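Colleague: I'm new to this one, so could you take me through a single part of it closely? Start with the sheet, please, and work outwards to whatever packs around it.

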Amino acid sequence: MSKIIALANQKGGVGKTTTAVNLGIGLARQGKKVLLVDADAQGNLTDSLGWNEPDKLPVTLATIMTKIIMDEPVEPGEGILHHAEGVDLMPANIELSAMEVSLVNTMSRENRAAKLS
Ligand SMILES: Nc1ncnc2c1ncn2[C@@H]1O[C@H](COP(=O)(O)OP(=O)(O)OP(=O)(O)O)[C@@H](O)[C@H]1O
Ligand SMILES: [Mg+2]
């Protein structure tokens, strides 16, 4: 059975990204299959895992969520990056901030990310 752990806090700089990386890699070392989802338009999680220019990535969370909203097909594993430490990553970049604006008019917007799993 899969578990979703969300690390969210409105306050900036409190360790959300640092916790995500270390918890993710720690769980992978215990043999768990881990998908880290960067849901921050700053792309810091993506950057900290070594993809240092998130804005140059062709497929990110924004791309996949746009497809889901447009009812376009998404291939299994599409856009997911594989890290040497044993975790997978759905990256994010600045396109996610535009996405947040378009989600305002989307039906059931609070459930869109669930379709990723
Ligand atoms: N447990 C810790 N002890 C000391 N420093 C830490 C710890 N966790 C995080 N930091 C440092 O605090 C700073 C902010 O951490 P981080 O980027 O993870 O926060 P964040 O909540 O993701 O920030 P943002 O709101 O900008 O996304 C970083 O410089 C990080 O190295
Ligand atoms: Mg962060």
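**The sheet and its surroundings**

Modeller: Let's begin with strand E1, residues 34-37, which has a covered face made of Val-34 and Leu-36 and an uncovered one made of Leu-35 and Val-37. A word on the labels: helices (H or I, at least four residues) and strands (E, at least two) are DSSP runs, numbered from the N terminus. Before we go on, note that this is a predicted model: local features need pLDDT of at least 70, side-chain atom pairs count only at pLDDT 80 or more, and totals for chains, interfaces and linings use all residues. Residues are numbered from 1 along each chain as its sequence is written, chains are lettered from A and ligands numbered from 1 in the order in which they are written, and side-chain values use heavy atoms, with hydrogens and water left out.

Now, who sits beside E1? Strand E3 (residues 87-90) does: the two run parallel and are joined by four bridges. Two strands pair if DSSP finds at least two bridges between them. Going along the pair, Val-34 stands opposite Val-87 of E3, and Leu-36 has Leu-89 as its bridge partner there. As background, strands of a sheet pair through backbone hydrogen bonds, either parallel or antiparallel.

Step back and you'll see an open sheet of three strands in the order E1-E3-E2, with mixed pairing. E1 and strand E2 (81-82) are at the edges with a single partner strand each, so one side of each has no neighbour in the sheet.

What packs on this sheet? Look at helix H3: its buried residues pack against E1, E3 and H4. Those buried residues are Leu-61, Ala-62, Ile-64, Met-65 and Ile-68. They cover an arc of only 165 degrees around the axis, so they are on the same side of H3. (Buried means under 20% relative accessible area, exposed over 50%, partly exposed in between, with a 1.4 Å probe and protein chains only; the arc is that of the directions from the helix axis to the C-beta atoms.)

Thr-63 is in H3 too, and this residue is partly exposed, with a relative accessible area of 21%. Leaving aside neighbours within four places in sequence, Thr-63 is in contact (heavy atoms within 4.5 Å) with Pro-58 and Glu-95. Its C-alpha atom is 13 Å from that of Leu-103, and the two residues are 40 apart along the chain. Just after H3, Asp-71 has a positive phi of about 60 degrees.

Leu-103 brings us to helix H4 (residues 95-103), where Leu-96, Met-99 and Leu-103 are buried. Seen down the axis of H4, they fall within an arc of 45 degrees, so they line one face of the helix. These buried residues pack against helix H3 (61-69). On the face of H4 turned away from its buried side, you'll find the exposed residues Ala-98 and Val-101.

Next, the charged pairs. Searching the whole structure turns up three salt bridges, a salt bridge being a side-chain nitrogen of Lys or Arg within 4 Å of a carboxyl oxygen of Asp or Glu. One of them joins Glu-85 and Arg-29, with the closest N and O atoms 3.2 Å apart. Glu-85 lies in the loop between E2 and E3 and Arg-29 in helix H1, so this pair ties together parts that are 56 residues apart in sequence. Glu-85 is partly exposed at 37% relative accessibility, while Arg-29 is exposed at 64%.

Another salt bridge links the side chains of Glu-78 and Lys-67, at 2.7 Å from N to O. Since Glu-78 lies in the loop between H3 and E2 and Lys-67 in helix H3, the pair ties together parts that are eleven residues apart in sequence. Glu-78 counts as buried, at 18% relative accessibility. There is also a salt bridge between the side chains of Lys-56 and Glu-53, at 3.1 Å from N to O; here Lys-56 is exposed, with a relative accessible area of 62%.

Last, a look at the surface: Ile-5, Leu-7 and Leu-23 make a nonpolar patch of about 250 Å². Ile-5 lies in the segment before helix H1 (16-29) and is exposed, with a relative accessible area of 52%. For the terms, patches are made of residues with over 30% relative accessible area and no salt bridge, where like charges are joined within 9 Å and nonpolar side chains (Val, Leu, Ile, Met, Phe, Trp, Tyr) within 5 Å. Accessible areas come from the Shrake-Rupley method with a 1.4 Å probe, and for residues only the protein chains shown count as cover.
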